[in-house]
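Trainee: I would be grateful for a close look at how charged side chains pair in this structure. Please then follow one such pair into the parts around it.

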Amino acid sequence: MSKDILVTRSSMPDFDEYTNEIKELWDSHWLTNHGVKARLLKEQLKEYLSTDNLELTVNGHMALELILTALKLPYGSEVITTPFTFVSTTHSIVRCGLKPVFCDINPDNYTIDADKIEALITDKTSAILPVHVYGNICDAEKIEKIADKYNLKVIYDAAHAFSVSYKGIPVGCLGDASIFSFHATKVYNTIEGGAITFKDPSLSKVIEEIRDFGIHDEESIPFVGPNAKMNEFAAAMGICNLRHVDDEIKKRSIVEKAYRDGLSGIKGVKLNPVSENQTRNHAYFPVIFTDEYKLSRDEIFNKLSENGIKSRKYFYPLTNEIEAYKDVFDSGNTSIARDISRRVLTLPMYADLSTDDVKRICDIIAL
Ligand code: T4K
């Protein structure tokens, strides 16, 4: 029996490349707390992402919590966000003592509907936290214009948007700040890891200190902070993977083309939009099954699964529907997000997925 095809598969460098990279850690015995590997990776990522200000973190989730804390948003203030995301986005708001206010998404690229943000602003609103879901970039101009008008911070969850640029602007340069995830399942991984990019250079020191328990020096601890540092082994993986990420993205573009060829013309199968406004990293391959398709989303999910194809319902349920937030926060009017979340499947996507396997997946969907 052939092996299951999972929704993704981590990119890894050659074993020798990695062991070579970590060799000096055996000499130094310096394993974490911003050693040589983390410092080098930080500089390399600043260059790759074309940003002046970047701090590494232990994962993408803590990157969100750190930036929300560093921006000193008033405790209990409201953050307008999308429910069509991984729970991490909403959890970060809540865990920082802020209140999520859910805005619907646009049905074209599934990002926050910028035209619906203004109606949700109150005197308690402090920030907007949109998500470049699947690497689809939000309507940054509209969002930032509204933010300027009401003096709000904009923090983009760019967990899916590593290496993407929007109208020629590297995605990490949008808004007041952006966060990236370098989790094993991402286009670019450091095993676990993340980064924050930001406009105001004075935030560097604050983020550094919050990331390290809020410690300024041995006798001064001005902030309450977690331990959110990237360790040296993760940073070494990041240094290796960064050498190959452009090739990985190219390979993913071949997989995407094979999917588009195989699925074009199937009634009721709607593919992710292609926009001239942005580059793509092919992080995910989402498909919406409309009423014209022969099966429901759950039926095609099961059918794929029976054939060893493990697609995922990213992102279902919406974050404003999960038990943790039931009767805690107003779930708002997010009917478009609700509809999309019940129709979407992300199909397997990774650099080494063969075009034969893609064809097999498309044939099952075509029935
Ligand atoms: N914001 C957004 C919008 C996000 O999507 C995420 C994370 C975050 C923030 C937070 O960033 P991090 O704190 O995670 O850095 C996964 C990931 O754990 C999560 O990083 C990701 N989003 C989310 C969308 O998906 P699961 O529970 O679905 O992953 P899992 O373990 O089922 O893995 C999926 C497939 O990946 C497996 O079937 C096989 C493959 N895989 C997995 C692992 C763990 C590998 O090939 N290697 C591996 O090591 O959550």
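**Salt bridges and the surroundings of helix H3**

Mentor: The count of salt bridges here comes to 28. Please keep in mind that this is a predicted model. In general, side chains of opposite charge can pair when their charged atoms come close. A pair is counted here when a side-chain nitrogen of Lys or Arg lies within 4 Å of a carboxyl oxygen of Asp or Glu.

Let us begin with Arg9 and Asp352, whose closest N and O atoms are 3.8 Å apart. This salt bridge links distant parts of the chain, for its two residues are separated by 343 residues. Arg9 belongs to the segment before helix H1 (15-28), while Asp352 belongs to the loop between strand E12 (344-347) and helix H10 (355-366). Arg9 is partly exposed, at 49% relative accessibility, and Asp352 is also partly exposed, at 46%.

The pair to follow in detail is Arg95 with Glu65, where the N to O distance is 2.5 Å. Arg95 is in helix H4 (residues 87-95) and Glu65 is in helix H3, so the salt bridge ties together parts that lie 30 residues apart in sequence. The two partners have unlike surroundings. Arg95 is exposed, because its relative accessible area of 59% is over the 50% cut-off. Glu65 is buried, because its 8% is under the 20% cut-off.

The helix that holds Glu65 deserves attention of its own. H3 spans residues 60-70, and 10 of its 11 residues are buried, so the helix is largely enclosed by the rest of the structure. Among the buried residues are Gly60, His61, Met62, Leu64, Glu65 and Ala70. The N-terminal end of H3 is capped by Asn59, which has a side-chain oxygen 3.1 Å from the backbone nitrogen of His61. After the helix comes Lys72, with a positive phi near 55 degrees.

His61 leads us from helix H3 to the ligand. A polar backbone atom of His61 lies 2.9 Å from an oxygen atom of the ligand. Side chains take part as well: a polar atom of the Lys186 side chain is 2.9 Å from a ligand nitrogen, and an N or O atom in the side chain of Arg312 is 2.7 Å from a ligand oxygen. Taken alone, the ligand exposes 930 Å², of which the protein buries 74%. In total, 26 residues surround the ligand, and Asp157, His160, Ser181, Arg312 and Tyr314 are the closest.

Tyr314 brings us to a feature of the backbone. The peptide bond from Tyr314 to Phe315 is cis, with omega near 15 degrees. Phe315 is found in the loop between helix H8 (297-306) and helix H9 (335-341). Pro317 is found in the loop between H8 and H9 too, and a cis peptide bond with omega of about -5 degrees joins Tyr316 to Pro317.

A part of the chain that comes before H3 in the numbering shows how a polar side chain may be placed indoors. Asn53 is found in the loop between helix H2 (36-48) and strand E1 (54-57). Asn53 is buried, because its relative accessible area is 12%. A polar atom of the Asn53 side chain lies 3.0 Å from the backbone oxygen of Phe198, and the backbone oxygen of Lys199 is 3.2 Å from a polar atom of that side chain. With neighbours within four places in sequence left aside, the residues in contact with Asn53 include Ile196, Thr197, Asp200 and Pro201.

Finally, let us return to the charged pairs. Asp363 and Lys359 form a salt bridge with an N to O distance of 3.0 Å. These two residues are 4 apart in helix H10, which means that about one helical turn separates them. Asp363 is partly exposed, with a relative accessible area of 42%. Elsewhere, salt bridges that share partners join Glu17, Glu21, Glu24, Lys37 and Arg243 into one network. The examples thus include a pair 343 residues apart, a pair between helices H4 and H3 and a pair within helix H10.

Methods. Residues are numbered from 1 along each chain as its sequence is written. This is a predicted model: local features need pLDDT of at least 70, side-chain atom pairs count only at pLDDT 80 or more; totals for chains, interfaces and linings use all residues. Side-chain values use heavy atoms; hydrogens and water are left out. Buried means under 20% relative accessible area, exposed over 50%, partly exposed in between (1.4 Å probe, protein chains only). A polar contact is a pair of N or O atoms within 3.5 Å; within protein, one must be able to donate a hydrogen and the other to accept it, and residues adjacent in sequence count only if both atoms are side-chain atoms. Contact means heavy atoms within 4.5 Å. A residue is near a molecule or strand if one of its heavy atoms lies within 4 Å of it. Accessible areas come from the Shrake-Rupley method with a 1.4 Å probe; for residues, only the protein chains shown count as cover.
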